[in-house]
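Here is the note you asked for on this structure, set out as numbered points. Please read it alongside the sequence and the coordinates.

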Amino acid sequence: MHLSSLPSPGGIGTMGREARAFVDFLVRAGQSCWQILPVCPTSFGDSPYQSFSTFAGNPYFIDLETLETRGLLKGEEYRDIDWESAPDDINYGIMYEKRYPVLRRAAERFLASPPEDFGDFCRENAFWLEDYALFMALKDRNGGAAWLDWPEPERNRDPETLAALRREHAGDLDFWRAVQYLFFAQWRELRAYANGRGIEFIGDLPIYVSLDSVDVWAHPELFQLDENHVPREVAGCPPDGFSETGQLWGNPLFDWDRMAEDDYAWWTRRIGFLCGVYNRLRIDHFRGFDAYYAIPYGDPDARRGVWKEGPGMKLFRAVERSIGPQPIIAEDLGFLTDSVRQLLKDSGFPGMKVLEFAFDSRDPNGSDYLPHCYPTHCVAYTGTHDNDTLVGWLNSADPADVAYARAYLRLTGEEDHWGMMQALWATTADLTVVQAQDILGLGSEARMNIPSTVGTNWRWRALPGSFTPELADRLRENMQLYRRLPE
């Protein structure tokens, strides 16, 4: 469950009291991990996989009540704001419009008397924070336009122009630095609370970054761009049984040859940073390191894309040489080949198994996901953020697929979503992960994301009072039954 999905009176889940209450629920329920989506700022489409920065934290997750307790806000400055959303939904447009004025008031008070470690935070994170602060200030200056549409000196990072803009917008840069300090201060406190109670965070690293991001603006040489910084090809997935036209993600592709010249330093820094943020790190679209799908820029869909060779183990050996072994989970889903399977084996990372895929007749790898086929060294899921909930899947999947699942799993028609979760817990997988929506028995209305669609995704929130002591006790009983209680 993502932070955004926590119950909250403020229009979106935050790192405040409800986050700690959920940690308490997990402890009572006999759990060991809480997996979340990327915590980076969201951009167009509200997806955490399309962010302005791969390093920054999402300002929306800063808890306003916590800011009040620290003297940075007054209750009347935020408590009566209408976030124009239902309790189980997020209105991102209103969030963008109304959240930042509140954060600016808090930042003004913060900067008037900053804590002693603020300077240390800025220096330690300067490798990404300085470019990020300037990028966000210039995005505001340019009416929110993508950086490719900025005036040429800004787009091409003319040194004299940037120096002048840093002076002109010094106050805005301070604001964005302060916001990131406040985010990571609250995150460290939440993580310390969770870790202290035996709960680890599993975070997520999207393989690609957004074209409209500080990552590409500040380091265009690391991406496959032309002389005008426009992508030559972009990322996506080929047509398959799920989509006749494939998936056109539109992210710029990495220049792997250029990255190899400095032993993949950007990747080492990125993985090292995020492994310091979370306890464990899931790397999204792991198969893209073996071979990636390149689609001509400007194409309306993914049909003309071609597969190209990725860096493979050269990247992961470079990372390990620099920062040592890291607690990584490989999202090895999608179009799998023998070379992808070999890369997973060579890396030593646990891969993923998804229960819903086992019964999907469109998936050529479906038999790999049947519970009796799971290896010990894997992380098993009922579904991911890109899948329907279990109740939704049972009600909407191909009837023949559902019939196969019912027969294989011996489902009785009574709380079949619990039967599917129990089948997962009964496997030999080292770790199992279920969606919060599934333990709550919610249908397709609570689905987090439908790939290749925009406008209705990433919005689900749990209603207040959903995670009851009775539900926690039921989960714990199942953990005892399947010998999955933390040691």
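**Notes on the predicted model**

1. Helix α8 has 27 residues and reaches 39 Å from its first C-alpha to its last, which is close to the 39 Å expected at 1.5 Å a residue. This is a predicted model, and the remarks that follow should be read as remarks on a prediction. After α8 comes Gly 198, whose phi is positive, near 90°.

2. The largest nonpolar core has 159 residues, and those with the most contacts inside it are Trp 34, Trp 187, Trp 267 and Phe 289. Helix α8, spanning residues 170-196, gives the most to this core, with 13 residues. Around Trp 267, once its neighbours within four places in sequence are left aside, the contacts are with Leu 205, Ile 207, Phe 254, Trp 256, Met 259, Phe 289 and Leu 315.

3. Does the length of helix α5 agree or disagree with the expected rise per residue? The 16 residues of α5 (126-141) should span 22 Å at 1.5 Å a residue, and the end C-alpha atoms are 22 Å apart, so the two values agree. Following α5 is Gly 143, with a positive phi near 65°.

4. The buried residues of α5 are Trp 128, Leu 129, Asp 131, Tyr 132, Ala 133, Leu 134, Phe 135, Met 136, Ala 137, Leu 138 and Lys 139; a reviewer may wish to note that Asp 131 and Lys 139 are listed among them. The elements that cover these buried residues include α4 (118-124), α6 (152-155), α7 (159-168), α8, α9 (214-218) and α11 (265-277).

5. Two packed helices are described by the angle between their axes and the distance between the axes. For α5 and α7 the angle is about 80° and the axes are 11 Å apart, which means that α5 is roughly perpendicular to α7. On the α5 side the residues involved are Glu 130, Asp 131, Leu 134, Leu 138 and Arg 141, and they meet Leu 162, Leu 165, Arg 166 and Glu 168 in α7.

6. A second helix pair joins parts of the chain that are numbered far from one another, namely α1 (residues 17-28) and α18 (residues 469-481), whose axes come within 8 Å and cross at roughly 40°. That crossing makes α1 oblique to α18. The contact is made by Phe 25, Val 27 and Arg 28 of α1 together with Pro 469, Leu 471, Ala 472, Asp 473, Leu 475 and Arg 476 of α18.

7. Three strands form an open sheet in the order β9-β10-β11, with parallel pairing. Its edge strands are β9 (351-354) and β11 (431-433), each of which pairs on one side only, and neighbouring strands of the sheet are turned by 25° against each other on average, direction ignored. Between β9 and β10 (residues 378-381) the parallel pairing runs over four bridges, and the bridge partner of Met 352 in β10 is Val 379.

8. Strand β3 (residues 233-237) is mostly covered, since five of its five residues are buried. With β6 (residues 291-296), β3 pairs in the antiparallel sense over three bridges, and the partner of Glu 233 in β6 is Pro 296. Three bridges also join β3 to β4 (residues 247-252), again antiparallel, with Leu 248 of β4 as the bridge partner of Gly 236.

9. Two residues other than glycine deserve a look at their backbone angles. Asp 46, in the loop between β1 (33-35) and α2 (64-69), has a positive phi near 65°, and its relative accessibility of 21% means that Asp 46 counts as partly exposed. Arg 410, in the loop between α15 (399-409) and α16 (416-425), has a positive phi of about 55°, and with a relative accessible area of 72% Arg 410 is exposed.

10. Is Asp 212, in the loop between β2 (200-205) and α9, buried or exposed? Asp 212 counts as buried because its relative accessibility is 18%, where the cut-off is under 20%. Leaving aside neighbours within four places in sequence, Asp 212 is in contact with Ser 51, Phe 52, Phe 135, Lys 139, Ala 146 and Trp 147; of these, Phe 135 and Lys 139 are also among the buried residues of α5. Asp 212 and Asp 149 are 63 residues apart in sequence, and their C-alpha atoms are 10.0 Å apart in space.

Terms used
Residues numbered from 1 in each chain as written. Predicted model: local features only at pLDDT ≥ 70, side-chain atom pairs only at ≥ 80, totals over all residues. Heavy atoms only, no water. Core = buried A, V, L, I, M, F, W, Y, C linked by side-chain atoms within 4.5 Å. Buried < 20%, exposed > 50% of the residue type's maximum accessible area, 1.4 Å probe, protein only. Contact = heavy atoms within 4.5 Å. Expected span 1.5 Å × (residues − 1). Pairing = 2+ DSSP bridges. Axes fitted to C-alpha atoms, helices over the stretch in contact; angles between N-to-C directions. Parallel < 35°, antiparallel > 145°, perpendicular 65-115°, else oblique.
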